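User: Could you take a close look at how the inside of this one is packed? I'd like a single part followed through properly, with the cut-offs spelled out as you go.

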Amino acid sequence: MPREVKVYRVAGYMYLYRSGERRKFVIEVPAIRPEHAVERVLSELGSRHKLSRAHIKLVEVVEIPENEVSTPHVAELLRLERLVVAR
């Protein structure tokens, strides 16, 4: 059965207006669709660095195969057979 969740590599840069610098980033995100990966990256960077979405520019969103994943926690999630969530 094919895996529904894919891994996307999102690259771009953010403008840190407090220090006046422009910083590049590359983040690997598990998501079902590319739009979900973009939303998660914008949300995380905005929260982590106190940025508005206007200060984050995305350059590339690419689906990558499982063997190219370099982020340890994403690779570990892909190795799971199932995930049980207790309520």
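Analyst: **Inside the core**

There are zero aromatic pairs in the structure, a pair being two rings of Phe, Tyr or Trp (its six-membered ring) with centres within 6.5 Å, called stacked when the planes are under 30 degrees apart, edge-to-face over 60 and tilted for the rest. Keep in mind that this is a predicted model, where local features need pLDDT of at least 70 and side-chain atom pairs 80 or more, while totals for chains, interfaces and linings use all residues. Numbering runs from 1 along each chain as its sequence is written, and side-chain values use heavy atoms, leaving out hydrogens and water.

On to the largest nonpolar core, which has 14 residues; Met14, Phe25, Ile27, Ala37, Val41, Leu45 and Ile56 have the most contacts inside it. At least two residues of this core come from each of strand S1 (6-16), strand S2 (21-31) and helix H1 (34-49). A core here means buried Ala, Val, Leu, Ile, Met, Phe, Trp, Tyr and Cys residues joined through side-chain atoms within 4.5 Å. Helices (H or I, at least four residues) and strands (E, at least two) are DSSP runs counted from the N terminus. A separate core of six residues includes Val7, Ile64, Val69 and Val74.

Met14 makes a good way in. This residue lies in S1 and counts as buried because its relative accessibility is 3% (buried is under 20%, exposed over 50%, partly exposed in between, with a 1.4 Å probe and protein chains only). Leaving aside residues up to four places away in sequence, Met14 touches Glu21, Arg22, Arg23, Phe25, Leu45, His49, Leu51, His55 and Ile56, a contact being heavy atoms within 4.5 Å. With the same neighbours left out, Ile56 touches Tyr13, Met14, Phe25, Leu42, Leu45, Gly46 and Leu51.

Arg22 also lies over the face of Tyr13, 4.0 Å from the ring centre; that label needs NZ of Lys or CZ of Arg within 6 Å of the centre and within 35 degrees of the ring normal.

What about confidence? Mean pLDDT, the predictor's confidence in each residue from 0 to 100, is 90 for the protein chain, and 97% of its residues reach 70 or more. Strand S3 (residues 56-64) comes out highest at a mean of 96, and H2 lowest at 86.
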